[in-house]
Amino acid sequence: MLVIHHLGLSQSDRIVWLCEELKIPYELKRYQRDPLTRLAPVEYRTLTPFGTSPVISDGELMLGESAAILEYLAHTYGEGRLFVPPGGQDYAAFLYWFHFANGSFMPAAMIDSMAKRVGLAGDVMVGLRARFNRAYDQVEARLGQVPFLSGDEFTAADIMTLFPLTTMRVFSPHDISPYPNILAYLERLAARPAFQRAMQMADPGFTVPLS
């Protein structure tokens, strides 16, 4: 039985969402963050060597990393749906945006957050903020051309990218009012029935922040 080891308000939201989109049966095992540190509890951090969310177990397999889990589940249980195959239309765009979320966007957001916490200022802070803003600018520009990041169709690239645009802002606030294309995109994603089911399961009460 597939088990999603779910840490509240974390990247494991992506896994629940994918399973709801593809109608993959799963068991949800919930873990709560430490109320003081906001970190995962010890029992969660011991699930994998790196100790971060998300994590799934599938029989004897224990697997971490959002992108790896989404790809594993889609191809093992979902007939490859929501993944653009090699040679398919928009394949390169899909690959780029699928990996952009955790390869560039999330690191920029986390560096920006830590820089503000430790009080970095001057040229260093300006440079870090510029990188973070470029990520938003790039997503905004792309969504001015197509309704979804890969093109005309919703894919796993959109599932990957929602987290830095929404939940990450719980930990690192960022005003998105200057980005009308992103705002419209978030409304489209939030309206998906599978997304609504996933949030009801994973993080009841959480709503997509549109400001």
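# Helix packing, a strand trio and two salt bridges

Helix α6 (residues 156-165) packs against α8 at an angle of about 120 degrees, and their axes lie 11 Å apart. Welcome to a predicted model, with a few features to look at side by side on screen. The tour starts with the helices, moves to the strands and the salt bridges, and ends with some backbone details.

**Helices in contact**

- α6 and α8 are oblique to each other, because an angle of about 120 degrees falls outside the 65 to 115 degrees that count as roughly perpendicular and is not over 145, where roughly antiparallel begins.
- The crossing in which α6 passes α8 is left-handed.
- On the α6 side, D158, T161, L162 and L165 make this contact, and on the α8 side I182, Y185, L186 and L189 do so.
- α6 also meets α1: the axes of these two helices come within 10 Å and cross at roughly 145 degrees.
- Here the crossing is right-handed, as α1 passes α6.
- R14, W17, L18 and E21 of α1 touch D158, I159, M160, L162, F163 and P164 of α6.
- D158 and L162 of α6 are therefore worth a click, as they are listed in the contact with α8 and in the contact with α1, where contact means heavy atoms within 4.5 Å.

**Strands around β3**

- Strand β3 covers residues 55-58; V55 and S57 point one way from this strand, I56 and D58 point the other way, and all are buried.
- That pattern fits a general rule: in a regular strand the side chains alternate between the two faces of the sheet.
- Strand β1 (residues 2-7) pairs with β3 in the antiparallel sense, over four bridges.
- Within this pairing, I56 of β3 has I4 standing opposite.
- β3 pairs with strand β4 (residues 61-64) as well, again antiparallel and over four bridges.
- The bridge partner of D58 in β4 is L61.
- β3 and β4 form a hairpin with two residues between them, and G59 in the turn has a positive phi of about 65 degrees.

**Salt bridges**

- How many salt bridges does the model hold? The count comes to two.
- In general, side chains of opposite charge can pair when their charged atoms come close.
- One of the two joins the side chains of R197 and E20, with 2.9 Å from N to O.
- This pair links distant parts of the chain, since R197 sits in helix α9 (residues 193-202) and E20 in helix α1 (residues 13-22), 177 residues apart.
- R197 is partly exposed at 33% relative accessibility, whereas E20 is buried at 13%.
- A salt bridge also forms between the side chains of E21 and R192, at 2.8 Å from N to O.
- Distant parts of the chain are linked here too: E21 belongs to helix α1, while R192 is in the loop between α8 (180-190) and α9, 171 residues apart.
- E21 counts as buried at 15% relative accessibility, and R192 is partly exposed at 23%.
- E21 also appears among the α1 residues that contact α6.

**Backbone details**

- As background, most residues other than glycine have a negative phi, and most peptide bonds are trans.
- Which bond is cis? The peptide bond joining S53 and P54 is cis, with omega about 5 degrees.
- P54 is placed in the loop between α2 (42-45) and β3.
- E65 has a positive phi of about 80 degrees, although E65 is not a glycine.
- You will find E65 in the loop between β4 and α3 (66-77), partly exposed with a relative accessible area of 49%.
- E79 is another residue other than glycine with a positive phi, near 55 degrees.
- The loop between α3 and α4 (91-118) holds E79, which counts as exposed at 74% relative accessibility.

**After α9**

- T207 lies in the segment after α9.
- Is T207 buried or exposed? At 58% relative accessibility, T207 counts as exposed.
- T207 and A190 are 17 residues apart in sequence, and their C-alpha atoms are 8.3 Å apart in space.

Methods:
Residues numbered from 1 in each chain as written. Predicted model: local features only at pLDDT ≥ 70, side-chain atom pairs only at ≥ 80, totals over all residues. Heavy atoms only, no water. Buried < 20%, exposed > 50% of the residue type's maximum accessible area, 1.4 Å probe, protein only. Pairing = 2+ DSSP bridges. Salt bridge = Lys/Arg side-chain N within 4 Å of Asp/Glu carboxyl O. Axes fitted to C-alpha atoms, helices over the stretch in contact; angles between N-to-C directions. Parallel < 35°, antiparallel > 145°, perpendicular 65-115°, else oblique. Left-handed = near helix turned anticlockwise from the far one by under 90°.
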